[in-house]
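Subject: Structure handover and findings

Dear colleague,

Please find below the structure that I am handing over to you. My notes on it follow directly after.

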Amino acid sequence: LKGHIGALREAGIRVSLFIEPDPDAIETSAKLGAQVVELHTGTYCDAALDNDAEAVARELRRIEAGAAAAHALGLEVHAGHGLTYNTVAALARLPQVVELNIGHFLIGEAIFIGLQPAIHKMRQLMDEALADKATLTVALFRAGSTTPLRSQALPLNNERLDVGVNLAGLPAGAYRLETILKSGSARLATAKTIVTKVPGPF
């Protein structure tokens, strides 16, 4: 896969891998050069359909941990498979998830209520969940690059928050640090700091 992914990236094509929210799969995706991962939510949705509260909680924890791990590796995080009106909010609240892929359910609902109302209802549920999600992200870039080398995003749910990025192992050079404050999907503020030299590696 690495050679194919490299060829696609050289052609200017972003590569996304559809994977389980598993630490090994996430780490492998980063090593292969993917820019995006879509975390499989099917097991979580099946548990919800079965009214298995314990399994739902377990799978949500697994997805949350996977989203955080993928984001920390600089991967853009998407999620999807089997999402419905009843399961979308918990995923929409995750601070690292920037896209949810929902298709089959919406087309099924459209048979009964029409496509536009089906999409509108789903969007409303996502927006309501996003309204509760304020996050602070710190990302480290090489000077002149738009792809983060490392980043960390945390929900803002208290007055004091310590957030940062690990500089260990970075070669000496010029870097840019960005701090991004969001409320829901709206970017409220971005602060940029130029780090002229990192005394790496260390």
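The notes below begin with the parallel sheet and then turn to individual residues and salt bridges. Please keep in mind throughout that this is a predicted model.

The parallel sheet

Four strands make up an open sheet, arranged in the order β1-β2-β3-β4, with parallel pairing. The edges are taken by β1 (16–19) and β4 (97–101); each has a single partner strand, so one side of each has no neighbour in the sheet. On average, neighbouring strands of this sheet are turned by 25° against each other, with direction ignored.

At one edge, β1 and β2 are joined by 4 bridges in the parallel sense. Within this pair, phenylalanine 18 stands opposite glutamate 38 of β2. The chain passes from β1 through α2 to β2, and the handedness of this β-α-β crossover is right-handed. Helix α2, which comprises residues 23–32, lies across β1 and β2 and runs at about 165° to β1.

The side chains of β1 alternate along the strand. Leu17 and Ile19 point to one face and are buried, whereas Ser16 and Phe18 point to the other face and are not buried.

At the other edge, β3 (residues 76–80) pairs with β4, again in the parallel sense and over 4 bridges. Here the bridge partner of alanine 79 is leucine 100 in β4.

Threonine 41

Threonine 41 is found in the loop that lies between β2 (36–40) and α3 (42–49). Its relative accessibility is 0%, and threonine 41 therefore counts as buried. A polar atom of the threonine 41 side chain lies 3.1 Å from the backbone oxygen of glycine 80. If neighbours within four places in sequence are left aside, the residues in contact with threonine 41 are Ile63, Ala79, Gly80, His81, Leu83 and Leu91. One of these contacts, Ala79, is the residue whose bridge partner in β4 is leucine 100.

Leucine 136

Leucine 136 belongs to strand β5, which covers residues 134–142. With a relative accessible area of 16%, leucine 136 is buried. Its C-alpha atom is separated by 8.9 Å from that of proline 95, although the two residues are 41 residues apart along the chain.

Salt bridges

How many salt bridges does a search of the whole structure find? The search finds 6. Three of them are described here, each with its setting.

In one of them, glutamate 20 is paired with arginine 62, and the closest N and O atoms are 3.0 Å apart. Glutamate 20 is located in the loop between β1 and α2, while arginine 62 is in helix α4 (residues 53–72), so this pair ties together parts that are 42 residues apart in sequence. Both partners count as partly exposed: glutamate 20 has a relative accessibility of 32%, and arginine 62 has one of 29%.

Another salt bridge links the side chains of arginine 123 and aspartate 127, at 3.0 Å from N to O. These two residues both lie in helix α7 (residues 115–130), 4 residues apart, which is about one turn of the helix. Arginine 123 is partly exposed, with a relative accessible area of 41%, and aspartate 127 is likewise partly exposed, at 35%.

The salt bridge between arginine 176 and glutamate 178 has an N to O distance of 2.9 Å. Are its partners buried or exposed? Arginine 176 is buried, at a relative accessible area of 13%, and glutamate 178 is buried as well, at 8% relative accessibility. A network is also present elsewhere: salt bridges that share partners join Glu20, Glu59 and Arg62 into one.

Arginine 176 has a further polar partner. This residue is placed in strand β7 (residues 175–183), and a polar atom of its side chain lies 3.0 Å from the backbone oxygen of serine 145. The side chain of arginine 176 thus has two partners to inspect, the backbone oxygen of serine 145 and the side chain of glutamate 178.

With kind regards

Technical notes:
Residues numbered from 1 in each chain as written. Predicted model: local features only at pLDDT ≥ 70, side-chain atom pairs only at ≥ 80, totals over all residues. Heavy atoms only, no water. Buried < 20%, exposed > 50% of the residue type's maximum accessible area, 1.4 Å probe, protein only. Polar contact = N/O pair within 3.5 Å; in protein donor to acceptor, adjacent residues only side chain to side chain. Contact = heavy atoms within 4.5 Å. Pairing = 2+ DSSP bridges. Axes fitted to C-alpha atoms, helices over the stretch in contact; angles between N-to-C directions. Right-handed = clockwise from strand over helix to strand, strands pointing away. Salt bridge = Lys/Arg side-chain N within 4 Å of Asp/Glu carboxyl O.
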